[in-house]
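Q: I'm new to this structure and would love a close look at one part of it. Could you walk me through the annotated binding site and what surrounds it?

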Amino acid sequence: MTATTTATATRRPVLVRTREELAAAIAERQVVLGRPGRVGLVPTMGALHDGHASLMRAAREQVGDGPLVVSVFVNPLQFGAGEDLDRYPRTLDADLEVCAEAGVDVVFAPTVAEMYPTWPAQPQVTVEPGPLGEVLEGATRPGHYRGVLTVVAKLFGLVRPDLAIFGEKDYQQLVLIKQMAADLCLPVEVVGGATRRESDGLALSSRNRYLDEEQRRVSLALSRALLAGQAAGVDGAAAVLEAAGAVLAAEPGLEPDYLALTDPALGDLPQAPEPGTAARLLVAAKVGTTRLIDNVPVSLG
């Protein structure tokens, strides 16, 4: 496979579909460099927005001129019955433009058959997330994180990245992937990228395009609730949940799933946190048929 190697800021990335093409494209980029270089990976499901682009830019900064790979794959293994697998937006042409502007070298957009040769039969070996995969998002979406960790482990095996970046908006996912890399001794540095927001505070998400004008207004209650809880941190954990919960309860168009305050590893907070104790406030809710999640760091006391 021949890569375009013109050194411009908007060099179009090489689009590859198979494992063999992926390996060849990464190797070719390293030949152009004249050395191996650090390999960066930004896994996505496509429908890219500036939140994804910020992760790509961060990865580019950290790997320098080493090969930067973005995967675009709507992973069926992480979708449950009745979820939005079929209608999940697929915008590969626009995604390639986002990747080009962010300086990506290779876009890996495999078919389902390429990633799961036995599909629709489930793969025989998957990655189990453990107890942390059964709470919060995992409680509402059984099997979701088994699907996430399995596809990420496969991408790590195919790309062999030195660095992989995931957005903090999917905070539970980030924590679980870090834990998987540590527990399975995977030689990759897993880094979180800060949540990017619209000017009105709504966290950027590929699913935001499902919202109509009124639903978009309703959805702003999530970020308002998080900010209210964050501001109440000085008064302790109970005050955080009370303040955030009051904002959610005041919006009748919202169908809350959970509002949780945890430690940064998603475990329980101490009974009597010391002043300055770090915590994480997480929320999930449905607006119409669209499920949205968000979170912020909180300092208690």
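A: Happily! The UniProt record, an unreviewed entry, lists Gln 78 and Gln 173 under "binding site". The two are spread over 96 residues of sequence, yet they cluster in space, with a largest C-alpha distance of 11.5 Å. Keep in mind that this is a predicted model.

Let's start with Gln 78. You will find Gln 78 in the loop between strand 3 (68–72) and helix 3 (92–101). Its relative accessible area is 9%, so Gln 78 counts as buried, the cut-off being under 20%. Leaving aside residues up to four places away in sequence, Gln 78 touches Met 45, Glu 83, Arg 141, His 144, Gly 147, Val 148 and Val 151. There is also a polar contact of 2.9 Å between the side chains of Gln 78 and Asn 75.

Now for Gln 173, which sits in helix 7 (residues 171–183). Gln 173 is buried too, because its relative accessibility is 16%. With the same sequence neighbours left out, Gln 173 touches Tyr 145, Val 148 and Phe 166. Val 148 is thus in contact with Gln 78 and with Gln 173.

Stepping back to the surroundings, strand 3 is part of an open sheet of six strands in the order 1-4-3-2-5-6, with parallel pairing. Its edge strands are strand 1 (14–16) and strand 6 (189–193). Strand 3 pairs with strand 4 (residues 106–108) over three parallel bridges, and Ser 71 has Phe 108 in strand 4 as its bridge partner. Helix 6 (residues 144–159) packs on this sheet, touching strands 2, 3, 4, 5 and 6, and its direction makes about 150 degrees with that of strand 2.

Conventions. Residues numbered from 1 in each chain as written. Predicted model: local features only at pLDDT ≥ 70, side-chain atom pairs only at ≥ 80, totals over all residues. Heavy atoms only, no water. UniProt positions renumbered as here; feature names shortened; annotations may be inferred. Helix = DSSP H or I, 4+ residues; strand = E, 2+ residues; numbered from the N terminus. Buried < 20%, exposed > 50% of the residue type's maximum accessible area, 1.4 Å probe, protein only. Contact = heavy atoms within 4.5 Å. Polar contact = N/O pair within 3.5 Å; in protein donor to acceptor, adjacent residues only side chain to side chain. Pairing = 2+ DSSP bridges. Axes fitted to C-alpha atoms, helices over the stretch in contact; angles between N-to-C directions.
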